[in-house]
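Dear colleague,

Here is the structure I promised to pass on to you, with its sequence. My notes on what turned up in it follow below, and I would be glad if you read them with the coordinates open.

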Amino acid sequence: MKKHLCIHGHFYQPPRENPYLESIDTQESAYPYHNWNERIDRECYAPNAFTRMYDDDGEIARLVNNYEKISFNFGPTLMSWIQKYSPYVYQAILEADRLSVKRFSDHGNAIAQAYNHMIMPLANRQDKITQVIWGISDFEMRFGRKPEGMWLPETAVDLETLEIMCEKGIQFTILSPRQAKRVRLIGESEWRDVSDESIDTTMPYLVKFPTGRGMNIFFYNGGISHNIAFGEILKSGEELASCLLKASGKGKGRAGIIHVATDGETFGHHHRFGEMALAYCLDYIESNNLAEITNYGKYLEKYPPTHQVEIFDNSSWSCAHGIERWRGDCGCNSGMNGEWNQKWRRPLRDAMDWLRDTLVDLFSDVGSKYFKDPWDVRNEYIEVILDRSPENKEAFLKRHTIKALSADEMVKAIKLLEIQRNAMLMYTSCGWFFDDISGVETIQIMQYASRAIQYAEELRGVSLEDEFLRHLDKAPSNVLKSGAEVYEVFVTPEKSNLFRVGGQYAISSLFEEYPEKGEMYCYTVERELSDKIDVGSRRLILGKAKITSNITGEEETISYAALYQGDQDVTAGVKDSVGDDGFSRMQKRIKRCFEKGDISEVIGLMHKEFGGLLYSLRDLCKEKQEKILNQIIQVKCEEVESSYRYIYENSGILDHFHSLRQPLPSPFFTAAEYIINGDLKKIFEENKVDCEKLKRLIDDAGSWAVDIESMGVGFVVSSWISSVMEGLKDCSEDIRELKNINTVLDLIKPLSLPLDLWKAQNVYLSIKEREFSALKVNSESGDHIAKRWLELFLKLGSHLNIKE
């Protein structure tokens, strides 16, 4: 019998959104990308959707979608991000599953995941139920079908979780071989111990519950999976194929399944070009008929379990001590900080458990005043998370409340449910996974806890934060004093409300124009009036606006004033909106002082009018700070650039040094380097590249041995190439544009830039598939325009490393 082969990728990133803004801030460590989701999407999720297959000459022959041939799951919170920020990848993932359903007899490659990567054995029963329901509902909304399987975060498992999954219609999950305890033939009494990881991984097993029901389990091949994740076999698709095929895949009366499971990010992010090795491996096996590629659902239908298994409760794939990595100092860590301990894990878990239980009491008490069954409503709240429109929220509440709610009551009802959402997000597993409580992953889950606390305080008027901090103070940090200090240093400054959002809006309005009604993070801002005055380098803005949370529906109409005095000196005041007469009086007083140049009086009036509730650049999110600081510093940069440009453009002395083969004096070299790199970037920020200027800059860079900022310039050039190719997609017969991009690519060759041609290659191949054959026929029939197009198009393909 032929072997069956299944490769599973667990694609997941923790939720990174600031819970007050529902937006991911700039993450410098992900440079040149905005954040790590964006970077990993480019390195992994997108390349696996459009994987390059190269020929023997090293040119791209075709693209394949790896998701069509592997089993996979995507974390729901990650999938939401991909849907919004990488829609072409999102559609490719969905399409791959649709095609797999047809290919594998109504069994799709995609399986669900427990919602936000909570360690399920450490969750209370209600959280387990909600995590499973939300994971299933999210899957059904995206893939348009019911999931057959579900991935457990870190494969952390206990019988209660499996039984809940079974009750909700899940048929199978995937575990590590070390999670199997003992096995026996179904119907027999004698057990065989497999606790030494000796379980036969080439078949499914049945876990039976006391109720008589059961769950199918696949135990992946641990050795090969480990080598894929941490070894060298992804350096070659042929080596990967050989390794898989050497595994025993035959059993008595059945064709055994060779299957592996690893983080999906292994294929491209952790191992560069790993997606290509995966694609080549699958293509090699399939084209040579060496094994039948399948997925778990299809295999299970054909070969149901013949053996029963008992598992180790409270076990996982990433902690040798069970699930201690998420509640104790078990010794599991990154290995990068050998002297550190993780004694903080237990107190952090205790703090979160205390907060969760306190919030459960609040939810049950207050929720019973609004909802028919608060916990049923929470389970179905995923409908709102997936569609935050006011109409959907209103319809949802109408279905689930015991009476018609006022607008204020609707806000309170949603806040109750948001407390519960954040109380689950604060258990995201990454918060305990790494080395110290001051790590970004742990700060992230503390922010979710903070958001839940804030909502609770707004509903009950009682502070939970002090007690929460007392719990955190018991968690020792290797970097700071304790978890409480981590919270105060990194979490407290991020807290926000409608007034702080108003402060961000007021300050931002000094430097950019907003529409009368628009989105600002997870808020809608509707400007009622605005008065902006400039006097020299100073600027003042006064206005009124209504700010509405798109999450809860809570709204506030504010009055604001913002003052820019030059450099980084920015101040804004925000308060409840006063009537038109009151606003007009304030406007006149502050405006009169500003126009007279009495800035100290303006600031004094702002303190008086806004009761000390003033904001500065420090109160803006990092992304806004960066944007405004760049605008402020631009004036200084322009002054520096003007001096450098004078030296560079009056370059007789520079040419003289070059002719004498003398190195440029440091100040002159610095000027040349600054201007050449800056102008190279500016050229490619324009729609049409000035080729003459580009050539001159490149020649000068070579003459004076100027170091090109390869990453920065390469990033801008790559964006320009992608943009031009996107334009060609809709007017591919534009010979002038083809000639232009070829000329530019010829010119930049000497720079040896690290170009990201991924999008450009995708567009090129789509044009080739759509247009090439017809134009080739026309060319061969004597059509001179078609002939010229072919010449330019093929030359472009050569630049893009694509096979003719």
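Helix α16 covers residues 440-460, and its 21 residues reach 30 Å from the first C-alpha to the last, close to the 30 Å expected at 1.5 Å a residue. Of those 21 residues, 15 are buried, so α16 is largely enclosed by the rest of the structure. Just after this helix, Gly461 takes a positive phi of about 75 degrees. Please keep in mind throughout that this is a predicted model.

Helix α26, residues 710-730, also has 21 residues, and here the reach from first C-alpha to last is 31 Å, again close to the 30 Å expected at 1.5 Å a residue. Its buried residues include Gly712, Val716, Trp720, Val724 and Leu728. As for what covers the buried residues of α26, the elements include α24 (666-683), α27 (735-747), α28 (758-780) and α29 (784-799). Ser773 lies in α28, and at 53% relative accessibility this serine counts as exposed. To give an idea of how the chain is spread out, the C-alpha atoms of Ser773 and Tyr455 are separated by 61 Å, with their positions 318 residues apart along the chain.

On the nonpolar interior, the largest core holds 170 residues, of which Tyr45, Tyr67, Phe74 and Leu162 touch the most other members. If residues up to four places away in sequence are not counted, Phe74 touches Phe11, Tyr45, Tyr67, Met79, Ile82, Ile93 and Gln113. Apart from the largest core lies another, of 47 residues, with Ile698, Ala701, Ala760 and Leu796 among them.

Several of the names around Phe74 return when one looks at the rings, since Phe11, Tyr45, Tyr67, Phe72, Phe74, Phe139 and Phe143 form one aromatic cluster. Over the whole structure, the search finds 38 aromatic pairs. In one of them, the rings of Phe72 and Phe143 have their centres 6.5 Å apart and their planes at 55 degrees, so the pair is tilted. This pair links distant parts of the chain, as Phe72 belongs to strand β4 (residues 71-74) and Phe143 to helix α4 (residues 125-143), with the two residues 71 apart. Both are buried, Phe72 with a relative accessible area of 0% and Phe143 with one of 14%.

A contrasting case is offered by Tyr280 and Tyr284, whose ring centres are 6.2 Å apart and whose planes meet at 15 degrees, so the pair is stacked. These two tyrosines are 4 residues apart in helix α8 (residues 274-287) and are therefore separated by about one helical turn. The background is that an α-helix has 3.6 residues a turn, so residues three or four places apart point the same way. Tyr280 counts as partly exposed at 36% relative accessibility, and Tyr284 likewise counts as partly exposed, at 28%.

Two arginines also deserve a look for their placement over rings. The charged end of Arg325 sits over the ring of Phe433, at 3.6 Å from its centre, while Arg349 lies over the face of Trp432, with 4.1 Å to the ring centre.

Helix α4, which already supplied Phe143, also contains Asp127. This aspartate is buried, its relative accessible area being 3%. Leaving aside neighbours within four places in sequence, Asp127 is in contact with Met118, Arg356, Arg378 and Met424, which you may want to inspect before assigning charges.Finally, how many disulfides does the count come to? The count comes to 0 disulfides. The sulfur of Cys281 is 9.3 Å from the closest cysteine sulfur, in Cys243, which is too far for a bond, and Cys281 is buried with a relative accessible area of 0%. For Cys430 the closest cysteine sulfur is in Cys319, at 14 Å, again too far for a bond, and Cys430 counts as buried at 12% relative accessibility.

With best regards

Methods: Residues are numbered from 1 along each chain as its sequence is written. This is a predicted model: local features need pLDDT of at least 70, side-chain atom pairs count only at pLDDT 80 or more; totals for chains, interfaces and linings use all residues. Side-chain values use heavy atoms; hydrogens and water are left out. Rings of Phe, Tyr and Trp (its six-membered ring) pair if their centres lie within 6.5 Å; planes under 30 degrees apart count as stacked, over 60 as edge-to-face and the rest as tilted. Buried means under 20% relative accessible area, exposed over 50%, partly exposed in between (1.4 Å probe, protein chains only). A charge sits over a ring if NZ of Lys or CZ of Arg is within 6 Å of the ring centre and within 35 degrees of the ring normal. The expected span of a helix is 1.5 Å times one less than its number of residues. Contact means heavy atoms within 4.5 Å. A nonpolar core is a set of buried Ala, Val, Leu, Ile, Met, Phe, Trp, Tyr and Cys residues joined through side-chain atoms within 4.5 Å. A disulfide is a pair of cysteine sulfur atoms within 2.5 Å.
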